[in-house]
Amino acid sequence: MHRSAALVLTLLSAGSLAAQAQFFAPTRPAMATDLNPEFKLAVGDVNGDLFPDIVCANMGGTVPGVQNTLYLNDGLGGFVDVTATHLPQVVDWTGAVALGDIDHDGDLDIFFGNGQGQASRLCANDGTGHFTDVSAAQLPPMTRTIYCAKMVDIDHDGDLDIIAREKVLVNDGLGFFTDMSSTNAPPGTVNAWGMAVGDVNGDSHVDVMFGINSNTVPPVLWLNDGTGVFTNASANLPSAVYVGGDFQLGDLDFDGDLDVFLQAYARPSKLWLNDGLGVFTDATATNLPALTEFTFASSLGDIDLDGDLDIILINGANVAGQTRILRNNGQGVFAVDPTAVPVATMASSCGDVADLDLDGDLDIVFGNWNAQNVVWLNQHRHCYAAAAPTLGNPYTVTFSSQPGYGPSTAVLVAVSIFPPGPAQLLPNYGYTVLQVNTVVSLGIGLTSASNGQSSFVMPIPNDPGMSGLALLWQGVVVEQQGLVLSLTNAFGDQVQ
């Protein structure tokens, strides 16, 4: 124990590092190898440990497709492929995935929307992230290829229903679904590859917007009457936009209603503002930079924690493209931030934002087509070591805060040599997996205002007895003129 205590109490130096983007792609631990053609993905905590996990819908180059995949978050910055033990072992050509608690048992279940001639699947969660296919008993057959799906309570009865393309599947409260499309959906088919849900006209009912992959057919808007019966209100939308993947509704201009950014594939993307009654006006020319890129999907989120929604462009699909972030000025006017993301081209067909490491900021996960999936972590407040500790060498841990867009920030550095425990919320601070009574403070570092980073360097004694020693790191960031203390993520390492 004296060796361990000597290790964690030895602090050699603190200083700033070279500038980096707000997001970075960690190399440790590496994402599991996955070269499948991901078409959609969903993010949510499927095993009840509070950390968001990733479910990938893999289309496959040809029918019948490939196995869908599940990655569990290890809570220390990594994801573990548990597909073989946690998902039904079936080959599907999957175009959509949605997560939600369909049976009121407190865990997230999965809907997979599959190709024509294949049965879509409903997979029930046992609470630990192990799924059983219950489609035969609980899901009506669907003959159309499903490219988009959402779980949402359309009829205000307290359970989650499913909108799968133009299909309206109503839940009986126990996770058994009835196809009510003939009575609840407007007539006709919807050739949609992407969709978003939300109350667009202020009547407290969930409406649906579909993106159409067409230059001539406009997106489709369904308004909900409150009982889950929809009316086609597509006349409320300005024009055609070639939409390939999923998108989101959000209040982009801070006026209390839901607007929409519609990404376009190799064509100009569009920004439509809502008048509060579900009628949209094209504000692209005044509020959006000129964008004509291979943008297949998009996501919304406050990535810099300034109180407004920014836009993440998920570029590529079958053509490699540079992912971009459009920052909001607080009034719904957007500009490309060239410094926010790594310079990296990816063939991304899907993605989402979520706080993957429970440090209070939004990270990004990308599903790539026939290429390795990628996670980008947000350095708004972050802890990371680029290289593992090795005997006889210095070990550097980097702490970040508001990189490149905030003032210098004090960070209180803490370390523990004990294994992580379950995630717990420390009120007013954030989440930790460190056992609090085992934490040792290494002092305070000051991040640079230009790059938002500070490094702590510690020697690792050349002592074989140190081999395998666990090191868990976390920082407390002093924010808002010292009035707020926020925890970074927790990061784990072992001495090699």
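These legends accompany close-up views of a predicted model.

**Figure 1. The largest pocket in the predicted model.**
Our tour opens at the largest pocket, whose volume is about 510 Å³. A total of 25 residues line this pocket, and Leu41, Ala42, Lys150, Gln248 and Asp352 are the closest to its centre. Two or more lining residues come from each of β3 (38–44), β7 (94–100), β11 (149–152), β15 (192–198), β24 (292–301) and β30 (348–354). Among these contributors, β30 gives the most, with five residues. By residue class, the lining of the largest pocket holds 17 nonpolar, four polar and four charged residues.

**Figure 2. The second largest pocket.**
Here we turn to the second largest pocket, with a volume of about 310 Å³. Its lining is made of 17 residues, and those nearest the centre are Gln402, Pro407, Glu479, Gln480 and Gln481. In this lining, six residues are nonpolar, seven are polar and four are charged.

**Figure 3. Strand β4 and its two partners.**
Strand β4 covers residues 53–58, and six of its six residues are buried. If you follow the strand, Asp53, Val55 and Ala57 lie on one side, while Ile54, Cys56 and Asn58 lie on the other, and both faces are covered. This fits a familiar pattern: in a regular strand, side chains alternate between the two faces of the sheet. On one pairing, β4 meets β3 in the antiparallel sense over six bridges. A handy landmark for that pairing is Glu38, whose bridge partner in β4 is Asn58. Strand β4 also runs antiparallel to β5 (residues 69–73), and three bridges join the two. To find this second pairing, look for Ile54, which stands opposite Tyr71 in β5.

**Figure 4. An open sheet of four strands.**
The strands of this open sheet follow the order β19-β20-β22-β23, with antiparallel pairing. Its edge strands are β19 (249–250) and β23 (280–282), each of which pairs on one side only. As a reminder, strands of a sheet pair through backbone hydrogen bonds, either parallel or antiparallel. Within the sheet, β20 (residues 259–262) and β22 (residues 270–274) are antiparallel and joined by three bridges. Leu262 can guide the eye here, as this residue stands opposite Lys270 in β22.

**Figure 5. Asn287 in helix α5.**
Asn287 belongs to helix α5, which spans residues 284–287. With a relative accessibility of 9%, Asn287 counts as buried, because the cut-off for that class is under 20%. Its side chain makes a polar contact of 2.6 Å with the side chain of Thr286. Beyond its neighbours within four places in sequence, Asn287 is in contact with Leu271, Leu273, Gln331, Gly332, Val333 and Phe334.

**Figure 6. Ser416 in strand β35.**
Next comes Ser416, a residue of strand β35 (residues 410–416). Ser416 counts as buried, at 1% relative accessibility. The side chains of Ser416 and Thr438 are joined by a polar contact of 2.6 Å. Apart from neighbours within four places in sequence, the residues in contact with Ser416 are Leu434, Thr438, Val439, Ala470, Leu471 and Leu472.

**Figure 7. Val206 in the loop between β15 and β16.**
Val206 sits in the loop that runs between β15 and β16 (207–212). Its relative accessible area is 19%, so Val206 is buried. Setting aside neighbours within four places in sequence, Val206 is in contact with Val152, Asp153, Val197, Gly198, Asp199, Asn224 and Phe230. For a sense of scale, Val206 and Asp282 are 76 residues apart along the chain, and their C-alpha atoms are separated by 22 Å.

**Figure 8. Tyr405 in the loop between β34 and β35.**
The last view shows Tyr405, placed in the loop between β34 (394–401) and β35. Tyr405 is partly exposed, with a relative accessible area of 29%. A polar contact of 2.5 Å links the side chains of Tyr405 and His380. Not counting neighbours within four places in sequence, Tyr405 is in contact with Gln22, Ile303, Asp304, Arg327 and His380. Measuring by C-alpha atoms, Tyr405 and Gly198 are 32 Å apart in space and 207 residues apart in sequence.

Conventions:
Residues are numbered from 1 along each chain as its sequence is written. This is a predicted model: local features need pLDDT of at least 70, side-chain atom pairs count only at pLDDT 80 or more; totals for chains, interfaces and linings use all residues. Side-chain values use heavy atoms; hydrogens and water are left out. On a 1 Å grid over the protein atoms alone, a cavity is a set of points where a 1.4 Å probe fits but cannot get out, and a pocket is an open set with protein on both sides within 12 Å along at least five of seven lines; lining residues have an atom within 4 Å of a point. Grid points are joined across faces, edges and corners, and a volume is the space filled by probe spheres set on the points. Ala, Val, Leu, Ile, Met, Phe, Trp, Tyr, Cys and Pro count as nonpolar, Asp, Glu, Lys and Arg as charged, and the others, Gly among them, as polar. Buried means under 20% relative accessible area, exposed over 50%, partly exposed in between (1.4 Å probe, protein chains only). A polar contact is a pair of N or O atoms within 3.5 Å; within protein, one must be able to donate a hydrogen and the other to accept it, and residues adjacent in sequence count only if both atoms are side-chain atoms. Contact means heavy atoms within 4.5 Å. Two strands pair if DSSP finds at least two bridges between them.
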